[in-house]
Amino acid sequence: MNLSEDLVPVPPELLSVAVEQCAETIMVADHEGTIVYVNSQFEKVTGYSTDYAIGRNLDFLQSGKTSPETFDELWATLANGEPWEGEFINRRKDGSEYIEHSRISPVEWESGSANKQYYLAIKKDVTAKKACEEKLSKLAYTDALTGLPNRAHFLLELEKAIETSKQSDRQFAVIYIDLNRFKEINDTLGHDAGDKFLVQAAMRFASVVADNALLSRLGGDEFVILLRDTSVAEAEMTAHRLRTAMVAPIDLGEQAPILSASIGVAFSQTTGTSTGTMLKQADIAMYHSKYNNLDFSFYTTEMEDVVVRKVQIADKLTTAIEEGSLRLEYQPIVDLQSNELAGVEALMRWEDQQLGPISPAEFVPIAEFQNIIVEISNWLLKETACQYHQWVAEGFALSGRIAINLSERELAKPNRVTEILSLLESLEVSPEIYEIELTETAFISEAGHTQANLDALAQAGMVITIDDFGTGHSALWQLRTQKLDKLKIDQSFVQKMEADQATRDIVEAITAMANLLDLKVIAEGVENLCQVELLNDIKCSYAQGYHFAKPLTAKTFASDWLGKAQVAA
């Protein structure tokens, strides 16, 4: 059976109808670009009639936006007798532009002229498809809240900058920006206000970056800038402009919080060539700025170990609270006149399996920066309250109060005292068993709600003490209007009293002025009998230190001190 004999030839008029009704534009043009045929779809797409198009050069369709390289590639491919496929940006009769995907092939026509070549083009309007793809691409590479490029977009551009830097002498920089205290804005004003704050911050940053910069939002409250083809001087100037952009508060209606950020800069000449390394080192420089209260920092290898440790501590702090790694020790406070126990200070201790012992002097400032200082203070209040109940249950009576340290940062928060008193009420302990120690900067601070909270603590019955007096920038006259009870002289003064008369005179003067203000004075870091005698001579009220006892476990403190009436001096 011969199948070819059974095939019915397609009538030429059917082919003509099929071509005319095709959903794609079909065009035939000669080697000079003169149109010799178009189907009816051509008019639907371009707006030009068949009569207008036939005999005209294709130039009338061009928008001028298709690259010359595209046309060069087209004619070179066709000249080799091969089909070409690609896209043109063309212009319709009404002036609107459209994107057209074309497949163009040489036509082999035996009846044609040897000097003339014809080409068949099958074209499709892909403008809508391209617009959809562009929209999806924009969604994939744009931060929905701020409209800035997102992390994925930034990493692509950073990779390009790295490749360009490898092939030339052009350098680039990455500037990492982390908003300070953003969590507080979210917690106190709500997430809607937080979102508005982020949008305004993005606008502020965008207003000061140069044309060679790409500003992106990495996520949360973190922004990053890629400075292409730059210098150290320009990177530094950009950081200064960012700081200037943060001067004015951000208006959120009823509230106008301050825009503050920590900034770190990594320069390609210093940091190597991978995207991960660039971001990591800009991040380290940012944390160096944050922990050292600097306007901005350039990454150096020297800062890495220090900052990495701080970041590790920050990561472990929350877990330490949840898993019970924090513990307390208790150091007696002694009345120097009677040698009797006058109270006890609860001292936090933390030993991590990986990092080893970590002192409060190291982890408390980090907790403040990470905005988890309230959680730590709540833990401290719960632990001391439970321990107080246990001592009472065991028949011990505490002479004096339990001294604990609170952070100036947390006392700047509204309603913090209400939270503390509510917690103590739930723990069934009176505020009057506590003595609150704060550094002297808290008493001269005008920020937030510090003063109101201090007054409320005193009114609730807590004793208020200035800790580490002499290490800050206040003077006793500045504190005369505060509701204070005690002043603790920093151990650096106490331990120099024996060898340095000037230091002894300073301690005596502080004690004399404190007594005039009706403040009791505590000397910390007392290590020997000579210091005790010197402190007695200048009428210092209380002391604590290794001469009396090192910090003790709750059990040892109870057995050695609760019930002891006298202390061997």
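Start by selecting E163, which is partly exposed at a relative accessible area of 32% (partly exposed lies between buried, under 20%, and exposed, over 50%, with a 1.4 Å probe and protein chains only). Add K166 to the selection: E163 forms a salt bridge with K166, their closest N and O atoms being 3.5 Å apart (a salt bridge is a side-chain nitrogen of Lys or Arg within 4 Å of a carboxyl oxygen of Asp or Glu). The two are three residues apart in helix α7, so about one helical turn separates them (helices are DSSP runs of H or I of at least four residues, strands runs of E of at least two, numbered from the N terminus).

A word on what you are viewing: this is a predicted model, where local features need pLDDT of at least 70 and side-chain atom pairs count only at pLDDT 80 or more, while totals for chains, interfaces and linings use all residues. Residues are numbered from 1 along each chain as its sequence is written, and side-chain values use heavy atoms, leaving out hydrogens and water.

Next, pick E157 and R228, a salt bridge with its closest N and O atoms 3.3 Å apart. R228 sits in strand β8 (residues 222–230) and E157 in helix α7 (residues 151–167), so this pair ties together parts 71 residues apart in sequence. E157 is buried at 15%, whereas R228 is partly exposed at 28%.

Now move to R327 and E329, whose side chains meet in a salt bridge at 2.9 Å, N to O. Here E329 is buried, with a relative accessible area of 15%, and R327 is partly exposed at 38%.

Finally, select K65, R91 and E97, joined into one network by salt bridges that share partners.
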